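Please look over a protein chain and learn how to read its basic features. A short dialogue goes with it.

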Amino acid sequence: MATLLRSLEITVLSAENLRKDGKSIKKNTFAVVKIDPFNSHSTKIDKGGSYPSWNDKLVMELPMHERFVTLEVHSCKGSNNNSRIIGTARMPVSDISGEYYTALDYLHFLSYRLRDEKGERNGIINVSVRAKAPPPGYNHACSKTVSLSVGPRLGLPMGGYINHAGVVTGVPVRCNYRA
């Protein structure tokens, strides 16, 4: 059974006011974007200090059931490249798709407060995010829609998935048969 996917184009732009043990970061930071433990990408290392700039575009597949994307900033130390997490933020997928339909390819510029392992504020991360059409060759053959009359608030963003844009009122039902 296939899971519907959205492709996310996340550009990790920069971070601000990064600190480690109360002191400004000197150099060697990078960002990691995680969908789940098995689906993560990282930026290049920025040699600057507590205001790094990466501007790295990361393309990731986001299963429809995911509700959050995790953003982390790491600091490298020493020649063995051991890294330490400086701060973490969770980006709600609803910030990208919203409660109602948001067109594919709409570019969102977002900033999130980073928190250290103690939950204390530790800088800000700036990203841009664009939801893309599903990957080429993705098979929609087993995805059906069943209409329900539960009111106007039930709307699933399906732009690009069924060869037309709009909001589908209903619930996707997947099948396990072979055609």
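The dialogue below goes from the whole chain to its core and then to one residue.

Q: What kind of model is this, and how are residues numbered?
A: This is a predicted model, in which local features need pLDDT of at least 70, side-chain atom pairs count only at pLDDT 80 or more, and totals for chains, interfaces and linings use all residues. Residues are numbered from 1 along each chain as its sequence is written, and side-chain values use heavy atoms, with hydrogens and water left out.

Q: How many helices and strands does the chain have?
A: Helices (H or I, at least four residues) and strands (E, at least two) are DSSP runs, numbered from the N terminus. Here there are one helix and 14 strands.

Q: What share of the chain is buried?
A: Buried means under 20% relative accessible area, with a 1.4 Å probe and protein chains only. Of the 179 residues in the chain, 37% are buried.

Q: Which residues have the most contacts inside the largest nonpolar core?
A: In soluble globular proteins, nonpolar side chains tend to be buried together. A nonpolar core is a set of buried Ala, Val, Leu, Ile, Met, Phe, Trp, Tyr and Cys residues joined through side-chain atoms within 4.5 Å. The largest one has 31 residues, and I10, V69, M91, I125 and V127 have the most contacts inside it. Strand 4 gives the most to this core, with five residues.

Q: Is T43 buried or exposed?
A: T43 counts as buried because its relative accessibility is 7%. T43 lies in the loop between strand 5 (39-42) and strand 6. Contact means heavy atoms within 4.5 Å. Not counting residues up to four places away in sequence, T43 touches V12, F30, A31, W54, D56 and L58.

Conventions
Buried means under 20% relative accessible area, exposed over 50%, partly exposed in between (1.4 Å probe, protein chains only).
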